[in-house]
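These are my notebook entries on a model that I opened for inspection. I record here what I looked up, entry by entry.

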Amino acid sequence: MSRLRFLALAPFLLLIGGCNAVLLNPAGDVALQKRDLLYISTGLMLLIIIPVIAATVIFAWRYRRGNRDATYDPEWNHSTHLELAIWSAPLLIIICLGALTWTATHLLDPYRPLTRIAEGQPVTPQMKPIEVRVVSMDWKWLFIYPELGIATVNELAAPVNTPINFKLTSTSVMNAFFVPSIAGMIYTMNGMETQLHAVANEEGVYDGMSSHYSGAGFSNMRFKFHSLSQQGFDAWVAKVRAEGQPLSRETFLELEKPSEKEPVRYYSSFADGLYNAILNKCVAPGKMCADEMMQIDAMGGAGVDSHQNRERLMWDTRRAEEGDEPAGATFPASGRMPHSEDQPQGMKPDQLNPEVNQDGTRTAPANPSGNVAPNSGTGVAPAQLNQTN
């Protein structure tokens with residue numbers, strides 16, 4: 001019977017043997033240091049775990065009921081030596097883990113510029129890093145190379161042994177940029193900019209992804225990172241310029257619309273100030289940039305004339321007004337009908353829940369007391385909430 005069980009498990013063991021432990025097989029120095037940190041932390045914890053498991057087995061065997069040679073002392077309740085061993089050893093491990101974590105957290109800070117490209121190879125002033133601007137969208141990645149004047153969708157490339165400075169933002173909900181073989185994970189957030197420094201030390205093609213759930217197309221929000229020789233990278237840049245089209249602001253607004261399984265796209269050029277406009281949410285014509293408004297606020301505000309900026313600052317973050325809202329669970333919190341006919345679990349119409357109409361408005365439930373909420377069923381906030389001083 002045991003042989004049959006082993007034979008049944010054999011195919012699963014073969015499948016596991018073919019897995020690629022990406023985190024344990026890095027191709028970049030930052031990812032390598034993170035792997036070493038994982039190894040050291042695991043080893044330190046095993047210094048406690050293994051002796052405890054061994055002691056449990058030994059004690060259970062030595063003091064088993066059938067062992068007549070073991071001393072039986074039902075009144076025993078304390079041992080100073082045992083107490084010292086039980087408390088001092090874990091305490092020392094925790095101190096070591098704390099010191100290691102504190103040091104590594106600062107050395108591997110994603111905002112910290114690289115000081116080396118590999119062990120024994122420090123970054124020199126002659127090494128010019130490559131700049132990449134990363135924009136996460138629903139559900140694709142846009143990579144802008146400001147110094148090279150090109151941009152790509154769902155394909156990233158860099159020369160080996162060259163520091164890479166990433167600056168990242170999002171056009172929609174929060175995402176997470178992650179190339180496990182090259183560097184750690186960093187979040188992308190709308191209206192904010194994060195940074196990541198990395199380097200690739202081996203040529204190859206590596207998987208990149210979003211490691212933070214962001215909606216219906218999340219599972220296909222992947223890209224390829226090409227680590228190339230300098231000659232190979234120059235050829236890749238030439239290919240993008242030859243096959244790509246200009247990325248204007250109008251083209252970006254079309255690209256920004258939610259889409260899934262977006263193919264690789266090349267752009268031979270991009271509009272001036274495009275990334276800054278994306279970051280400050282003013283790509284669309286007539287919109288005021290967030291940094292411009294912050295500058296006005298820093299100067300004391302624009303007084304009563306600022307009411308003219310209201311329309312310029314309104315931003316349709318989910319593109320609902322244009323009819324391009326991404327699929328997702330938008331009911332009942334948004335007041336709009338669900339994108340599918342499936343009724344969400346636990347959400348059943350009753351007298352306490354408003355009825356949502358096909359046009360997106362809500363009909364207020366019957367109220368026996370005669371008290372009616374302001375503007376119920378219109379989706380508009382009470383007038384006093386919209387008044388300005």
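Entry 1, a loop residue. I located Lys 261 in the loop between helix 5 (249-255) and strand 14. The model is a predicted one. I read a positive phi of about 55° for Lys 261, although Lys 261 is not a glycine. I noted this because most residues other than glycine have a negative phi. Is Lys 261 buried or exposed? Its relative accessibility is 61%, so I entered Lys 261 as exposed, the cut-off being over 50%.

Entry 2, a second positive phi. I then turned to Asn 154, which sits in the loop between strand 5 and strand 6 (155-159). Asn 154 is likewise not a glycine, yet has a positive phi of about 60°. Is Asn 154 buried or exposed? I found a relative accessibility of 6%, and therefore Asn 154 counts as buried; the limit for that class is under 20%.

Entry 3, strand 5 and its partners. I followed strand 5, residues 150-153. Which residues cover its two sides? I listed Ile 150 and Thr 152 on one side, with Ala 151 and Val 153 on the other, and all of them are buried. Strand 5 pairs with strand 4 (residues 140-145) in the antiparallel sense, and I recorded four bridges. Within this pairing, Phe 143 has Thr 152 as its bridge partner. The hairpin of strand 4 and strand 5 has four residues between the strands, and there I read a positive phi near 75° for Gly 149. I also checked strand 14 (residues 265-267), which runs antiparallel to strand 5 and is joined to it by three bridges. Tyr 267 in strand 14 stands opposite Ala 151.

Entry 4, a peptide bond. I inspected the bond between Asp 138 and Trp 139 and entered it as cis, with omega at about -15°. I flagged the bond because most peptide bonds are trans. Trp 139 belongs to the loop between strand 3 (130-137) and strand 4.

Entry 5, a surface patch. Which residues form the nonpolar patch on the surface? I listed Met 45, Leu 46, Ile 49, Ile 50, Ile 53 and Val 57, which together have about 540 Å² of accessible area. One of them, Ile 49, I placed in helix 2 (residues 29-62). I entered Ile 49 as partly exposed because its relative accessibility is 40%, and that class lies between the limits of 20% and 50%.

Key
Residues are numbered from 1 along each chain as its sequence is written. This is a predicted model: local features need pLDDT of at least 70, side-chain atom pairs count only at pLDDT 80 or more; totals for chains, interfaces and linings use all residues. Side-chain values use heavy atoms; hydrogens and water are left out. Patches are made of residues with over 30% relative accessible area and no salt bridge: like charges are joined within 9 Å, nonpolar side chains (Val, Leu, Ile, Met, Phe, Trp, Tyr) within 5 Å. Accessible areas come from the Shrake-Rupley method with a 1.4 Å probe; for residues, only the protein chains shown count as cover. A salt bridge is a side-chain nitrogen of Lys or Arg within 4 Å of a carboxyl oxygen of Asp or Glu. Buried means under 20% relative accessible area, exposed over 50%, partly exposed in between (1.4 Å probe, protein chains only). Two strands pair if DSSP finds at least two bridges between them.
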